[in-house]
Amino acid sequence: MAPASHISFEQRKGLALRLIALPLLHQHEARLLHVGAQNDLQLLRSNISYLAGEAIRSPNSEHLDCSLKGLASKLFTASAPQLAGSFAPRFSPLVTQLTRQMNALSCSTCSGSPSVCDGGQNDDALVAGGGHCIGLLRQLFDVALLIAQNAFQRYLPAVSLPAVEFSTAHFNQKPHDIPVALYCGGKTTFANGGNSVVQLHLTPDVLDWDTCLACLYVLVHECFCHAFYGARNPSQRDVTGNDDPFTEGWMDWLAHELLLQNLNLTQGLPASGTEFARIATIFTEARSRYRDGAEPASKHALSRALGKEAAIKMHELLKRLLESCADALEALFRLSCDVLAEGFRLEKHENFVYAVNMGLPSPGEVEDPQQFANIPQRVRMYLKNNYLKTLVT
Amino acid sequence: MADIRYAVGAVGVRDLNQELDSLWRELQDPKSALRREAEAKGVDLQKVSGLPRNEAITVRQESEGFDPVTTAIIVAFSPVVAEIVRDLWRNVFLPRLRKHKGQDVLGEEKKDK
């Protein structure tokens with residue numbers, strides 16, 4: 001089986017520099033701004049961006065680690081004015097850390113052999129096995145996958161989950177139409193063997209710290225909302241598409257909740273859980289904002305909003321039912337993972353979301369037992385005997 | 001054999017044709033990785049060996065429309081070798097272009113005509 005595809009060798013040369021630099025710049029930013037070194041900081045950012053652009057034009061014969069070492073030397077030279085200026089004592093540790101990390105990356109250590117990436121057909125396998133040059137992205141994926149796997153194993157312990165591979169791809173423009181300045185997106189596909197492939201989409205030219213933070217939310221969304229779709233029968237599944245209100249709205253609302261519950265797993269990543277949570281909230285809200293603001297809404301916003309609304313209504317119902325009120329969110333997670341793992345077709349997902357939206361009151365709306373009896377009855381039956389077919393018809 | 005229409009992507013027609021020139025040159029080299037890749041994917045290259053690129057595959061804009069949503073990029077194949085070149089485009093050239101020039105080098109395939 002072919003290894004999952006990754007960002008091309010030439011693009012990774014520039015991306016590696018950005019992925020080393022962005023966490024360090026973030027780490028030092030407040031201290032530098034506090035002493036008034038914003039111009040020097042801006043200059044350093046510009047130099048890094050320029051060098052990353054230069055890196056992607058380097059020939060394939062130059063290995064990635066050699067390219068980074070050359071860039072480290074150039075960056076050090078270009079930073080001479082800041083290293084000699086009035087902010088030098090604050091600036092010097094940043095430049096030292098940056099160049100040290102750039103010099104430390106070793107392609108042969110990453111591959112564990114003399115055979116390293118060279119723009120050829122082996123590259124994807126090498127990145128899949130090591131991928132030190134995109135180490136931060138791999139770390140984020142590992143955390144996201146762990147969060148999603150833990151949830152499915154908790155709520156559906158009897159279901160064996162398909163393996164999930166990590167893939168990356170680069171875009172020239174923002175890889176989605178959501179009105180938010182975050183330059184990452186994702187896609188999950190299903191390989192013939194039954195594995196899921198989660199692909200992270202990035203626009204390297206405009207990669208910034210907020211986008212790095214957003215990658216965690218995107219990857220949690222892909223792993224939780226898509227990778228285990230149809231897990232009970234992984235060899236026969238097909239994607240349900242971007243207009244699926246259940247995966248894109250309902251499950252996304254839960255993916256955000258799940259991320260907030262698991263911020264402790266972000267320890268070891270170069271940002272605090274609060275920072276990841278802040279960006280995740282911005283991203284998930286923008287996805288389902290269907291009224292045009294400064295930018296037009298995403299073309300899938302309405303179906304996402306409907307899915308999200310249905311999930312919230314179901315949560316409210318589970319809070320009211322005796323069978324689930326002790327922990328309504330747990331009950332909602334279990335029900336939702338169960339529906340996803342069953343692998344219903346798009347039409348069934350749509351019908352389910354529609355039925356919940358029509359059959360349950362909005363938060364605050366007065367309950368009418370005549371109007372709102374059917375869905376609670378079906379949910380009660382599900383809670384009693386786990387029979388999905390009465391719930392999703 | 002029908003042409004393939006795509007939504008306008010991040011790269012213009014002139015650049016796409018230049019990229020195709022470069023890929024075609026590489027394909028004509030018997031020792032090239034691209035040729036090996038095409039052969040490994042089962043593309044029969046005999047009929048296109050030595051053929052000028054623009055006699056096999058061309059890229060053009062559908063119209064001069066102002067709105068990129070309604071205009072399209074057309075990838076056209078010469079009728080004599082259409083089946084082979086279409087195979088080549090879908091399985092070798094387009095994946096290579098998307099990988100090296102960005103996934104959004106071309107928009108989504110349009111199926112409405």
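Which helices of chain A each supply at least two residues of the lining of the largest cavity? I would like to start from that question, and I should say at once that what we are looking at is a predicted model.

A search of the whole structure finds 2 cavities of 30 Å³ or more, and the largest of them has a volume of about 110 Å³. Among the 13 residues that line this largest cavity, those closest to its centre are A:Arg12, A:Cys107, A:Cys110, A:Cys117 and A:Cys133. To come back to the opening question, the helices are helix 6, residues 107-111, and helix 7, residues 123-129, both of chain A. Of these, helix 6 of chain A provides the largest share of the lining, namely 3 residues. If we sort the lining of the largest cavity by class, we find 9 nonpolar residues, 3 polar ones and 1 charged one.

The second largest cavity has a volume of about 40 Å³, and its lining includes A:Gln11, A:Leu15, A:Arg18, A:Ile56 and A:Asp205. Here helix 1, residues 9-34, and helix 2, residues 38-55, of chain A each supply at least two lining residues, with helix 1 giving the most, 4 residues. By class, the lining of the second largest cavity has 4 nonpolar, 3 polar and 2 charged residues.

Let me turn now to the aromatic rings, of which the structure holds 12 pairs when all chains are taken together. One of these is formed by A:Phe190 and A:Tyr229, a stacked pair whose ring centres are 6.1 Å apart, with 25 degrees between the planes. What is useful to notice is where the two partners sit: A:Phe190 belongs to strand 2, residues 184-190, of chain A, while A:Tyr229 lies in the loop between helix 9 (209-227) and helix 10 (245-261), so that the pair links distant parts of the chain, 39 residues apart. A:Phe190 has a relative accessible area of 18%, and it counts as buried because the limit for that word is under 20%. Its partner A:Tyr229 is buried too, at 3% relative accessibility.

A second example comes from chain B, where B:Tyr6 and B:Trp89 form an edge-to-face pair, with 6.1 Å from centre to centre and 65 degrees between the planes. Because B:Tyr6 lies in strand 1 (residues 4-7) and B:Trp89 in helix 3 (residues 82-101) of chain B, this pair ties together parts that are 83 residues apart in sequence. B:Tyr6 counts as buried, at 1% relative accessibility, and B:Trp89 is likewise buried, at 1%. Back in chain A, there is also one aromatic cluster, formed by A:Phe152, A:Tyr155, A:Phe224, A:Phe228 and A:Phe333.

I will finish with a single residue, B:Glu109, which is found in strand 4, residues 109-110, of chain B. Is B:Glu109 buried or partly exposed? At 31% relative accessibility, B:Glu109 counts as partly exposed. If we set aside its neighbours within four places in sequence, B:Glu109 is in contact with B:Ile4, B:Arg5, B:Tyr6 and B:Arg90, and B:Tyr6 is the residue we have just met in the edge-to-face pair. With B:Arg90 there is a polar contact from side chain to side chain, at 2.9 Å. Finally, the C-alpha atoms of B:Glu109 and B:Val8 are separated by 9.6 Å, although these two residues are 101 residues apart along the chain.

Note on methods: Residues are numbered from 1 along each chain as its sequence is written. Chains are lettered from A and ligands numbered from 1 in the order in which they are written. This is a predicted model: local features need pLDDT of at least 70, side-chain atom pairs count only at pLDDT 80 or more; totals for chains, interfaces and linings use all residues. Side-chain values use heavy atoms; hydrogens and water are left out. Rings of Phe, Tyr and Trp (its six-membered ring) pair if their centres lie within 6.5 Å; planes under 30 degrees apart count as stacked, over 60 as edge-to-face and the rest as tilted. Buried means under 20% relative accessible area, exposed over 50%, partly exposed in between (1.4 Å probe, protein chains only). On a 1 Å grid over the protein atoms alone, a cavity is a set of points where a 1.4 Å probe fits but cannot get out, and a pocket is an open set with protein on both sides within 12 Å along at least five of seven lines; lining residues have an atom within 4 Å of a point. Grid points are joined across faces, edges and corners, and a volume is the space filled by probe spheres set on the points. Ala, Val, Leu, Ile, Met, Phe, Trp, Tyr, Cys and Pro count as nonpolar, Asp, Glu, Lys and Arg as charged, and the others, Gly among them, as polar. Contact means heavy atoms within 4.5 Å. A polar contact is a pair of N or O atoms within 3.5 Å; within protein, one must be able to donate a hydrogen and the other to accept it, and residues adjacent in sequence count only if both atoms are side-chain atoms.
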